[in-house]
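Please open the structure in your viewer and keep the selection panel at hand. The tour goes from one selection to the next.

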Amino acid sequence: MIILGIETSCDETALALYDSKKGLLGHILHSQTTQLMKHGGVLPEVAARSHIQYLSPLLSNLLNKYNLNITDINAIAYTKGPGLIGSLLTGVTFAKTLGFGLKIPTIGINHLEGHLLACMIKEANNNSDYSPPKFPFLALIASGGHTMLVQANDLSSYQILGETLDDAAGEALDKTAKLLDLNPPNGKELSKLAELSSNHQQFSFTKPLIRKNNLNFSFSGLKTAAMLKINKKSLSEIDKANIAYAFQVTIMDTLISKCKLGLEITKLNQLIIAGGVSANNYLRTNLLNLCKANSHIKIFFPKLEFCTDNAAMIACTAFLKIQKNNRCFDQDIDINALARWDLESL
Ligand code: KG4
Ligand code: ZN
C-alpha cells in the first residue's frame, strides 16, 4: 500500500509517499520563507493561498521523482488539526477531493501526534538498523505553537503531564529572534547567532518554573525579560550573540530539567523529543549527555528534516494507525478541519 501524506497546518506545504512494506519513499516541501521575511511572520490568509498554489505541482514533482503514477496511491493521510484553519482546509479539501476522484480512503491525522511519532519514520532507502521506541514512553513536544510533556501509552492514547501556561518555546524563540533582527525570524537563526557568542556570562535569565515540582512551562516572562535587555541599549553584534546564547540556554535547560522531572515522576525509561525545537543542537547534545549519565534511559530524536513540519510524519502516523486498525479511515467526504484538537481526545 502507498500512502500519500499531506501537511498544511501552518506555512509549510508538504507531501510524502510512504510504502507500507518499504517505509518512507520520499518527501517534499515548500516553506514560505520569502513571505515570512516580507511580513515578519505568518499571515494566515497568505499561507492558505500559497498552499493552494503549491499542492498540485509538488505532488506531480514527488510522483515523478519516484516514478509513480497518481493511481499508484492507495490511501491519503492529511493533517486535520490543530493549526491555522484556512491552511488546514486547503489540505483537507485537496486530500478528500483526490480521494473521492481516485476512489481511495482518506484519514485525518493530528499534527501533534505526527510530531510525536516522527522518530518512528522508517526510510525505504536507509539500511541501517531501525529500532524505534516502544510504547509507553515520555515525549516532549516543543514547537512554534505547543510545548508539552506527554505520556504516550499507545497509538492514539496520550496523557498530557504538563504544558505551557502561556507562550510555546518556539514562539518565544521566534519573537526574540525577530527583536534581534534575525531574518527569517526563527529559532534556527537564533541558535546560529548563539554560536557566535564570545561571553557566555554577559547576560543571564531566570529559568521559568524550574523550582516548581510540576511539569508545566512558562516562557512569556522570559521573552519579556529578553525584550527589556534588547531594548535597553544599542547592542553590538557580539552583545546580540551573547543575548541569543543566554536566551537559548535558558529555554533549552528549562526543557531539559522538565524532561528529567518527567522521567523521575513517570519512571519511564524512553524519552522522545519532537517538534521544530527538537532540531536544536544545544538541546540534542545536552539531552544525549543526560542519557549517557543515566544509562537506563534511551533517547530518541527525529532526523533533523523530520523535526520541523513535514508530511513524512503524517504519512507514517497514518501507516501505524492503519496497520493497527484498518477501519480507521474517514467515514464521510465532509470537509472538516480542527483549529484546536487535544491529543488526549484521540
Ligand atoms: O514543529 P514546527 O516546524 O512548527 C509548529 O508546529 O509550530 O516548529 C517550528 C518551531 C519554530 O518556533 C522554530 O523557531 C523552531 O521550531 N525551531 C528551532 C530550530 N529549528 C526550528 N528552535 C531552536 N533551534 C532550532 N534549530
Ligand atoms: Zn508542527
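The stops below cover a cavity, some aromatic rings and a charge over a ring.

This is a predicted model, in which local features need pLDDT of at least 70 and side-chain atom pairs count only at pLDDT 80 or more, while totals for chains, interfaces and linings use all residues. Residues are numbered from 1 along each chain as its sequence is written, chains are lettered from A and ligands numbered from 1 in the order in which they are written, and side-chain values use heavy atoms, with hydrogens and water left out.

Select first Asp11, Gln32, Gln35, Leu36, His39, Gly41, Val42, Leu43, Val46 and Ala47, which line the largest cavity (on a 1 Å grid over the protein atoms alone, a set of points where a 1.4 Å probe fits but cannot get out; lining residues have an atom within 4 Å of a point). About 50 Å³ of space lies inside. Colour helix H1 (33-39) and helix H2 (44-65), since each supplies at least two lining residues; H1 gives the most, with three (helices are DSSP runs of H or I, at least four residues).

Move next to Phe135 and Phe137, a stacked pair at 4.9 Å centre to centre with 15 degrees between the planes (ring centres within 6.5 Å, planes under 30 degrees apart). Phe135 is partly exposed, at 26% relative accessible area, whereas Phe137 is buried at 0% (buried is under 20%, exposed over 50%, partly exposed in between, with a 1.4 Å probe and protein chains only). Then select Phe217 and Phe219, both buried.

Finish at Trp341, where Lys80 lies over the face, 5.9 Å from the ring centre (NZ of Lys or CZ of Arg within 6 Å of the centre and within 35 degrees of the ring normal).

Conventions: On a 1 Å grid over the protein atoms alone, a cavity is a set of points where a 1.4 Å probe fits but cannot get out, and a pocket is an open set with protein on both sides within 12 Å along at least five of seven lines; lining residues have an atom within 4 Å of a point. Grid points are joined across faces, edges and corners, and a volume is the space filled by probe spheres set on the points. Rings of Phe, Tyr and Trp (its six-membered ring) pair if their centres lie within 6.5 Å; planes under 30 degrees apart count as stacked, over 60 as edge-to-face and the rest as tilted.
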